[in-house]
Amino acid sequence: MASWVVRSRSCLNHFLPSSRRTSCSGIIRKLPVAFSGESAAVLVSRRFESIEAGQKLDPCSYEEDYHNDTAHENQALDFPGGKIPLTSQMKFISEASDMRLPCYRVLNDDGSLISDSIYEQVGEELAVNMYTAMVTLKTMDTFLYEAQRQGRISFYMTSCGEEAINIASAAALSPHDFALPQYREAGVLLWRGFTVQECTNQCFGNKDDKGKGRQMPVHYGSKKHNVITISSPLATQISQAAGVAYSLKLDKRGTCAVVYTGDGGTSEGDFHAGLNFAAVMEAPVIFICRNNGWAISTPVNEQFRSDGIVTKGLGYGIRSIRVDGNDAIAVYSAIHAARNMAINEDRPILVEAMTYRVGHHSTSDDSTRYRATNEIEYWKTVRSPIARFRKWIQRNGWWSDDKESEFCRNTKKQVLQAIQTAEKMEKPPLTELFTDVYDQMLPNLQEQERSLRDAFKKHSTDYPTDVHV
């Protein structure tokens with residue numbers, strides 16, 4: 001995780017295309033893939049040793065292999081998959097260097113625009129809606145986290161520090177696009193119209209929970225909003241998204257799939273299978289990786305030796321971009337461009353959103369046992385995506401301190417009321433445990449249901465009052 005300053009010529013130029021030319025060490029070389037941006041000036045300053053990524057891949061280090069051997073300059077062998085140029089020089093591709101790929105950014109930490117930035121224009125109505133959605137998400141996270149600590153729900157995971165990725169990406173998509181969240185994307189549902197009350201109903205597992213109380217808290221889903229239900233096994237949604245996108249392509253729906261994962265998810269086999277399938281089948285899917293520095297207690301430098309996630313797309317032939325995930329304008333612009341390319345060109349896109357997980361991994365985790373509290377506080381305050389975006393809309397005259405106070409007050413009331421309502425509702429009937437799997441219940445399930453009914457009738461006083469058959 002780092003502080004970035006990027007001078008951008010074009011939002012699209014930050015994607016890793018198939019072929020570019022650049023200069024490294026005074027030598028002009030043709031790169032098979034590289035960031036362009038005619039002189040993107042990038043300043044990367046390390047702040048905390050615990051999340052250093054270490055030595056990284058240098059995209060310029062292996063190009064001489066294919067250009068300095070004049071004896072074989074025009075010779076190639078036709079292997080399965082295409083012709084490959086020959087060289088008499090035995091050189092290995094370098095595994096690492098100090099050079100890192102740049103990060104697309106539009107807003108400075110003070111909310112000012114970086115000079116000469118090219119980005120997707122965001123008007124007042126959209127900007128205010130994005131900001132209020134980010135605040136709503138943060139408020140809901142705060143109160144539901146406390147509800148778990150009070151023993152009122154069993155589990156919770158927050159999106160603290162990652163609100164911009166949630167809301168800005170959702171705002172750049174169409175509601176007809178299929179979203180496959182991991183478990184820090186409640187904001188995507190909120191943006192699409194899934195209400196705070198519906199979120200709290202799911203977390204309390206009451207009779208109005210769309211999942212009928214069968215899922216852990218924060219495992220949201222909504223057919224109405226084209227959001228496929230979250231599942232606990234890590235990274236399974238990635239390969240599923242490739243299949244969803246391929247189906248959308250075959251049906252000529254003119255939409256795409258978008259799937260979210262954390263940096264830890266990229267260590268799962270599903271990540272690699274999903275990217276490879278999507279690339280080969282030219283599926284319109286956007287892979288969004290929230291690189292927040294930590295896979296529970298595992299820092300990124302112990303997770304991989306590559307330059308983050310963005311370089312992994314290159315190995316699968318996928319156009320990729322690294323974006324400042326705490327910059328709502330940059331995220332919105334990158335996802336907007338990625339969606340256009342995915343749909344219009346029938347191709348997958350990989351987006352690495354650099355951010356920081358301010359909260360604990362979940363209510364089962366105490367992150368102060370493996371990272372410094374001053375590190376957390378720095379990202380919570382100085383690098384807050386909500387604070388940065390608020391400064392930008394206030395600079396434009398679209399927001400004020402009075403509006404802030406009124407909105408925060410009303411949102412807190414809304415969330416508290418939703419929690420109280422959800423908590424008072426009775427639970428789904430126990431017999432729902434046996435439905436929605438088979439069209440007609442099998443004999444063994446019928447026997448189990450009868451056994452449950454008998455047990456409940458015999459020991460009814462042992463069950464909570466809000467539970468019934």
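Here are three short exercises with worked solutions on this predicted model.

**Exercise 1. The pocket**

Find the volume of the largest pocket, then say which residues are closest to its centre.

*Solution.* Start with the volume, which is about 470 Å³ for the largest pocket. Next, go to the lining: 23 residues form it, and the closest to the pocket centre are Thr 158, Cys 160, Val 358, Gly 359 and Lys 380. Then look at the elements that give two or more residues to this lining: helix H1 (124-149), helix H9 (373-381) and helix H10 (385-395). Finally, sort the lining by class, which gives seven nonpolar, nine polar and seven charged residues.

**Exercise 2. The backbone at Ile 296**

Work out where Ile 296 lies, what its phi is, and whether it counts as buried, partly exposed or exposed.

*Solution.* First, place the residue: Ile 296 sits in the loop that runs between strand S10 (294-295) and strand S11 (298-299). Now read its phi, which is near 55°, a positive value in a residue other than glycine. Last, take the relative accessibility of Ile 296, 42%; buried means under 20% and exposed over 50%, so this residue counts as partly exposed.

**Exercise 3. The backbone at Asp 346**

Repeat the steps for Asp 346: loop, phi and accessibility class.

*Solution.* Begin with the loop, where Asp 346 is found between helix H8 (328-344) and strand S13 (349-354). Its phi is near 50°, again a positive value in a residue other than glycine. To finish, Asp 346 has a relative accessibility of 31%, and therefore counts as partly exposed.

Terms used. Residues are numbered from 1 along each chain as its sequence is written. This is a predicted model: local features need pLDDT of at least 70, side-chain atom pairs count only at pLDDT 80 or more; totals for chains, interfaces and linings use all residues. Side-chain values use heavy atoms; hydrogens and water are left out. On a 1 Å grid over the protein atoms alone, a cavity is a set of points where a 1.4 Å probe fits but cannot get out, and a pocket is an open set with protein on both sides within 12 Å along at least five of seven lines; lining residues have an atom within 4 Å of a point. Grid points are joined across faces, edges and corners, and a volume is the space filled by probe spheres set on the points. Helices (H or I, at least four residues) and strands (E, at least two) are DSSP runs, numbered from the N terminus. Ala, Val, Leu, Ile, Met, Phe, Trp, Tyr, Cys and Pro count as nonpolar, Asp, Glu, Lys and Arg as charged, and the others, Gly among them, as polar. Buried means under 20% relative accessible area, exposed over 50%, partly exposed in between (1.4 Å probe, protein chains only).
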